[in-house]
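Colleague: Could you take me through this model, one element and then the contact between chains?

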Protein chains: 2
Amino acid sequence: MSTLSEEPAWKQRAVERSTKAARLRAERKVQQFLEAAQEIILEKGSTDFTVQEVVDRSRQSLRSFYQHFGGKHELLLALFENALRRSADEIRAAASAEPDPLVGLRVAVRMLFETSLPDPSTQHPLFTDFATQLLMSYPTEVRSAHEPMLAVFAEMMARADAAGQLRSALRPRRAAAMVMQSVMFLAQSTAVAGEGESAHPLTADEVWEFCAGGFALRDVA
Amino acid sequence: MSTLSEEPAWKQRAVERSTKAARLRAERKVQQFLEAAQEIILEKGSTDFTVQEVVDRSRQSLRSFYQHFGGKHELLLALFENALRRSADEIRAAASAEPDPLVGLRVAVRMLFETSLPDPSTQHPLFTDFATQLLMSYPTEVRSAHEPMLAVFAEMMARADAAGQLRSALRPRRAAAMVMQSVMFLAQSTAVAGEGESAHPLTADEVWEFCAGGFALRDVA
DNA sequence: ATCTTGGGAGAATGGTATTCTCCCACGAGT
DNA sequence: ACTCGTGGGAGAATACCATTCTCCCAAGAT
């Protein structure tokens, strides 16, 4: 407190100016790293790039990299967060346009499923693959990266609930979390060439049917 | 063919004796590696051991290790497969004892959920965590490791279907796959300390409700 | 007795993340 | 204009591991 009042406004402003400049510079650099990484991922269609590649591509230095990121994982997390937030926005836009909440949810599920497929071509391709890698090592960060997407599903779920379209015993937000995670994971695991028996690849519709209606015909005590 | 008839029985028998001995030796060694790895995992409550640790613990050599396993991942896969098969047997035993197929499925879901929790204490603890790590690098192997567990769920699902307890549009085996994977993944992702809002940890019952009944009150065209 | 060979020990290699060290260029103060 | 301090570039050094290689011996085969 006393230090605060002892530091007059001019000093605070001076400090602020300098820190603001620094912040801007930092943001620009971070942005460059992110873009470089993004490019590389798109090019090689995989997330296992090396830090060195990113540094080279962004014409900066290793030192600078580690000055801005706590490690490779923070870069990954940042990319993941971005991609997920963007995707969440798209999904919200599409889903909330539907008057019927359940139809909106179906749209959301389908879209999330598609974007979660590990297709090495699209722009939002493998952003889910390291989701699972990171999930184990940095669970809380991944969780918070999921947040925007979860919010979308929670909104839709709440609308459905308000319209009396949900099974009564459900807490909407938890249902939203289960749907979101199931869809993402099922999309991931489905992307394998089926061996023999029943050419595995799940479809978005199957997953929707499962999430919406479950499998049981009746309730079980 | 001619070579076959030129090689008399004694030679084949001799060869067989030697290969059989070799096979036995190999199996013993592999077993030792597996046990050592198992122990280490239990001790440190995590799957990120080094190959060297396993070798030391099992009183064998690196060379021998790479002679019996194509790499670390094969060891992991083997452990994973074992654990999953054991678990599948237990679940089958418990679930098939229930006369009502849906009750059996509920039992199966609950058990699978419990054993999939990344609890660092139990015996079958982190066998699911590298499931996801491996899923990306060795999808087909993981898939085949899942097979026994999938079989259990498919059996139960088929029973339910036969008893007319399933939503009609469902293919039982695909439903089984979705249930199994959802349960495993949800158990994984739930095991994080909830930050603030709604103390996340899902329960087995919630997951069962979700898988069995979905969230929608009515069907959506 | 010698030859063959499986396998133990552990050094060597290779790939990466992460840290460290040197050094320069640029802006601030004199 | 002349230092001086500092942020940051370049890239060498380090730390870990997985994986491979080399040397060598001991036991069974001939």
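Colleague: What distance does helix H5 of chain A reach from its first C-alpha to its last?

Modeller: This is a predicted model, in which local features need pLDDT of at least 70, side-chain atom pairs count only at pLDDT 80 or more, and totals for chains, interfaces and linings use all residues. Residues are numbered from 1 along each chain as its sequence is written, chains are lettered from A and ligands numbered from 1 in the order in which they are written, and side-chain values use heavy atoms, with hydrogens and water left out. Helix H5 (a DSSP run of H or I, at least four residues, numbered from the N terminus) covers residues 72–96 of chain A, 25 residues in number. At 1.5 Å a residue (times one less than the number of residues) 36 Å is expected, and the helix comes close to that, reaching 36 Å.

Colleague: How many residues of chain B are in contact with chain A?

Modeller: Contact here means heavy atoms within 4.5 Å. On that criterion 56 residues of chain A are met by residues of chain B numbering 56.

Colleague: Which helix supplies the largest share of the side of chain B that touches chain A?

Modeller: Helices H6 (101–116), H7 (129–137), H8 (139–162), H9 (172–190) and H10 (204–213) of chain B each supply at least two residues of that side. The largest share, 12 residues, comes from H9(B).

Colleague: Which residue of chain B meets Arg174(A) in a salt bridge?

Modeller: Between chain B and chain A the count is four salt bridges (a side-chain nitrogen of Lys or Arg within 4 Å of a carboxyl oxygen of Asp or Glu). In one of these, at 2.8 Å from N to O, the side chain of Arg174(A) meets that of Glu206(B).
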